[in-house]
Amino acid sequence: MAPGEVLDTAALIEWPVERIVGKMVLEAQREEVYRVAPDRLVLLDAVEVNWASPRDASIEAARKLAMLTGDIAGLSSIDLKLLALAKERGATLFTDDYRLQNLCSRAEIPWASVITEGINSIWSWEVRCTGCGIGHEIPSQTSASKGDIGDCDICGSPLRVKRRK
Ligand SMILES: [Zn+2]
């Protein structure tokens, strides 16, 4: 069996559902998902997600580690439980929270970022010029204002992100 994966709430909301099937998540995350994306919870309940809970001793160990590193100030109880669960099950934690990533590194828990993992869905987008229609590379930097991704270097018209056909 492949090593387990624990997903933070961003992954639960952002990832394609097929990617979430069988992965470990916390009962406590149901509330978080429901608050942000109620429809998503309906979808998650329709597939097999591994709703799990870490043992109290694991949570306590995670809390002590977070106190030691000073990361505890910015962590939620769900964050701590995600850390505890990943450690307890020898699983990889998927999170974009830098405090959690830091704690994973300290505790030698493998981690990966949610956004990188979601790159499959980003690949279905492309950047095209609204003027000449020429395709451009997707910019590596985020832009100052949302939706502004620069102008075409051929004709000078604004570029737009479009769904790849
Ligand atoms: Zn153009």
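User: Which spacing do the donors of the zinc ion follow along the chain?

Analyst: This is a predicted model. In it, the zinc donors are arranged along the chain as C-x2-C-x19-C-x2-C. The pair Cys129 and Cys155 links distant parts of the chain, 26 residues apart. Cys129 belongs to strand S6 (residues 125-129), while Cys155 sits in the loop between strand S7 (135-136) and strand S8 (159-163).

User: Which atoms are the protein donors, and how far are they from the zinc ion?

Analyst: The SG atoms of Cys129, Cys132, Cys152 and Cys155 serve as donors, at 2.3 to 2.4 Å from the zinc ion.

User: What is the geometry of the zinc site?

Analyst: Four donors count as tetrahedral if all angles lie between 85 and 135 degrees. Here the angles among the four donor atoms are 96 to 118 degrees, so the site is tetrahedral.

User: Are Cys129, Cys152 and Cys155 buried or exposed?

Analyst: Buried means under 20% relative accessible area. Cys129 is buried at 6%, and Cys152 is buried at 5%. Cys155 has a relative accessible area of 40%, so this residue is partly exposed.

User: How many disulfides does a search of the whole structure find?

Analyst: A disulfide is a covalent bond between the sulfur atoms of two cysteines. The search of the whole structure finds zero. As for another cysteine, Cys104 is buried, with a relative accessible area of 0%.

User: Away from the zinc site, what does Thr69 touch?

Analyst: Thr69 lies in helix H5 (residues 56-69). Leaving out residues up to four places away in sequence, Thr69 touches Asn102, Leu103 and Arg106. The side chains of Thr69 and Asp71 are joined by a polar contact of 2.7 Å.

Note on methods
Residues are numbered from 1 along each chain as its sequence is written. This is a predicted model: local features need pLDDT of at least 70, side-chain atom pairs count only at pLDDT 80 or more; totals for chains, interfaces and linings use all residues. Side-chain values use heavy atoms; hydrogens and water are left out. Donors are N, O and S atoms within 2.8 Å of the metal (3.2 Å for Na, K and Ca); water is not among the atoms, so sites may look incomplete. Four donors count as tetrahedral if all angles lie between 85 and 135 degrees; four count as square planar and six as octahedral if opposite donors are over 155 degrees apart and all others between 65 and 115; anything else is irregular. Helices (H or I, at least four residues) and strands (E, at least two) are DSSP runs, numbered from the N terminus. Buried means under 20% relative accessible area, exposed over 50%, partly exposed in between (1.4 Å probe, protein chains only). A disulfide is a pair of cysteine sulfur atoms within 2.5 Å. A polar contact is a pair of N or O atoms within 3.5 Å; within protein, one must be able to donate a hydrogen and the other to accept it, and residues adjacent in sequence count only if both atoms are side-chain atoms. Contact means heavy atoms within 4.5 Å.
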